[in-house]
There are 2 protein chains.
Amino acid sequence: MARPKSEDKRNAILDAATRLFAERGLTAAPTSEISKQAGVAEGTLFTYFKTKDDLINALYREIKLELADAMMSDFPRKKNVRTRLRHVWDRYVNWGIANPKQRKVLAQLQVSEALTKESRDAGSAPFVEFQIMIRDAIEQRVFRNDLPVELISKSLAALVEATIDLTMSNRSEAKQYRDGGFQMFWAGITKA
Amino acid sequence: MARPKSEDKRNAILDAATRLFAERGLTAAPTSEISKQAGVAEGTLFTYFKTKDDLINALYREIKLELADAMMSDFPRKKNVRTRLRHVWDRYVNWGIANPKQRKVLAQLQVSEALTKESRDAGSAPFVEFQIMIRDAIEQRVFRNDLPVELISKSLAALVEATIDLTMSNRSEAKQYRDGGFQMFWAGITKA
DNA sequence: TGTATTATTGAGTATGCACTCAGTAATAGA
DNA sequence: TCTATTACTGAGTGCATACTCAATAATACA
């Protein structure tokens with residue numbers, strides 16, 4: 001190999017894409033502008049990503065990985081289910097508030113036709129440990145046993161998203177929303 | 001007025017747009033194709049909607065109105081809170097399952113940059129009665145009183161969406177998901 | 001240091017698409 | 001029935017933009 005690609009340039013392109021996608025939407029953000037903001041020529045963008053769709057798919061995986069990292073780092077494996085779930089909940093909420101652009105882009109990506117099934121699968125791979133935790137909790141009868149696993153994990157995501165939305169429009173109530181949201185979630189999934 | 005516009009044509013355009021937006025995404029669906037599928041010339045599309053963005057905004061309002069109709073028709077105003085909520089829940093879930101294209105388009109519209117604030121406001125207007133019901137329920141101490149109104153309504157939408165997603169990928173479990181989802185929601189918002 | 005290989009550049013190209021407009025057809029009102 | 005007004009048509013236009021490519025620069029390796 002003579003002259004390797006630069007990880008920095010790749011990241012600069014992904015960063016610029018994140019900014020522009022968040023501001024203008026996936027299709028309204030031209031590759032010319034993305035490369036300009038990344039500080040590279042337009043042609044360079046296409047040596048790192050064969051097509052714009054490729055860039056979109058790569059960005060999706062990147063953001064999902066970041067989110068999984070944020071949620072699962074320092075994960076208290078030894079603590080009880082409630083503590084572990086609360087950990088994941090707080091990390092997710094905090095990530096969303098700290099990274100509004102990535103979150104906005106993620107929302108667009110998830111409904112985008114450009115996203116391949118492979119990317120979707122790759123995107124959920126980093127969350128397997130979380131899925132396993134929920135499965136265990138159901139088996140250990142911590143949760144109501146009439147709820148399917150997927151409903152629980154989807155609900156967590158859905159309620160976190162609702163919590164973040166509210167927090168973004170009323171930052172001073174952040175703590176109340178985060179606590180209230182989790183208590184609601186917990187009450188919903190545990191046995192009466 | 002000489003030669004009025006045709007309500008039928010307008011609807012045909014909105015229908016074709018719904019189909020194409022669902023299949024290809026908002027930006028990948030050209031006005032030429034939309035008008036062709038609607039059975040009108042491309043120019044005609046622009047007499048009904050000044051721009052493509054206009055069409056997008058009109059479609060958003062239309063779908064939101066349909067959804068609100070589906071949720072609030074036969075609304076049992078005299079029954080207790082749980083029954084009323086369950087009514088809304090079931091109607092929403094059923095609408096989503098019966099109208100996957102509209103639902104998919106709605107998801108795209110909600111994160112679209114083309115959508116104006118006015119359209120967003122207009123889109124939530126038909127749901128005021130629902131909001132009022134929740135406010136009443138909190139005041140009557142049916143719900144936990146530490147939850148903000150917005151969190152409850154957002155959560156209902158979020159949990160319904162999760163429920164529909166699951167049902168779509170596993171139709172035979174429809175009833176279990178719908179019941180389980182609602183019980184989870186109800187347990188989450190009511191007092192212990 | 002020399003060379004093969006690959007990254008980088010940015011002007012250029014080809015395509016696709018939103019929107020226009022001049023000609024035509026339909027309809028409401030007189 | 002006549003006329004003014006507006007809808008309808010679809011070929012045409014201009015612009016935006018994803019992607020290419022020939023020339024050049026940088027780097028790994030011998």
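**Two DNA strands and a helical pair of chains**

Reader: How do the residues of the surface near DNA strand D divide into nonpolar, polar and charged?

Author: There are 10 nonpolar, eight polar and seven charged residues in the surface near DNA strand D. Near a molecule or strand means that the residue's C-beta atom, placed from the backbone, lies within 6 Å of it. Ala, Val, Leu, Ile, Met, Phe, Trp, Tyr, Cys and Pro count as nonpolar; Asp, Glu, Lys and Arg as charged; the others, Gly among them, as polar.

Reader: Before we go on, what kind of model is this?

Author: This is a predicted model, in which local features need pLDDT of at least 70 and side-chain atom pairs count only at pLDDT 80 or more, while totals for chains, interfaces and linings use all residues. Residues are numbered from 1 along each chain as its sequence is written, and chains are lettered from A and ligands numbered from 1 in the order in which they are written.

Reader: Back to strand D. Which residues come nearest?

Author: Ala2(A), Thr31(A), Ala2(B), Ala41(B) and Gly43(B), out of 25 residues around DNA strand D. Two or more residues each come from helix H2 (31-38) and H3 of chain A and from H3 of chain B. Helices (H or I, at least four residues) and strands (E, at least two) are DSSP runs, numbered from the N terminus. H3(B) gives the largest share, four residues.

Reader: And strand C, which residues come nearest there?

Author: Of 24 residues around DNA strand C, the nearest are Ala2(A), Ala41(A), Gly43(A), Ala2(B) and Pro30(B). Elements giving two or more residues are helix H3 (42-48) of chain A, plus helix H2 (31-38) and helix H3 (42-48) of chain B. H3(A) gives the most, with four residues. By type, the surface near DNA strand C has nine nonpolar, eight polar and seven charged residues.

Reader: New topic. How many helices and strands in chain A?

Author: Chain A has 10 helices and zero strands. Its C-alpha atoms fill a box of roughly 60 × 40 × 30 Å along the principal axes. Of its 192 residues, 35% are buried, meaning 20 or more other C-beta atoms within 10 Å of the residue's own (exposed is 12 or fewer, partly exposed in between; C-beta atoms are placed from the backbone).

Reader: What span should H5 of chain A have?

Author: Helix H5 (residues 81-98) of chain A has 18 residues and should span 26 Å at 1.5 Å a residue; its end C-alpha atoms are 26 Å apart, so the two agree. The expected span is 1.5 Å times one less than the number of residues.

Reader: Which residues of H5(A) are buried, and what covers them?

Author: Buried in H5(A) are Leu85(A), Val88(A), Trp89(A), Arg91(A), Tyr92(A), Val93(A) and Gly96(A). Their cover includes helix H4 (52-72), helix H6 (100-110), helix H8 (128-139), helix H9 (149-169) and helix H10 (174-189) of chain A.

Reader: How many residues of chain B are in contact with chain A?

Author: 31 residues of chain B are in contact with 31 residues of chain A; contact means C-beta atoms, placed from the backbone, within 7 Å. On the chain B side, helix H6 (100-110), helix H9 (149-169) and helix H10 (174-189) each give two or more residues. H9(B) supplies the largest share, 10 residues.

Reader: Last one: is Gly123(B) buried or exposed?

Author: Gly123(B) is buried because 22 other C-beta atoms lie within 10 Å. Gly123(B) sits in helix H7 (residues 117-124) of chain B. Leaving aside neighbours within four places in sequence, Gly123(B) contacts Tyr60(B), Arg61(B) and Lys64(B).

Key:
Contact = placed C-beta atoms within 7 Å.
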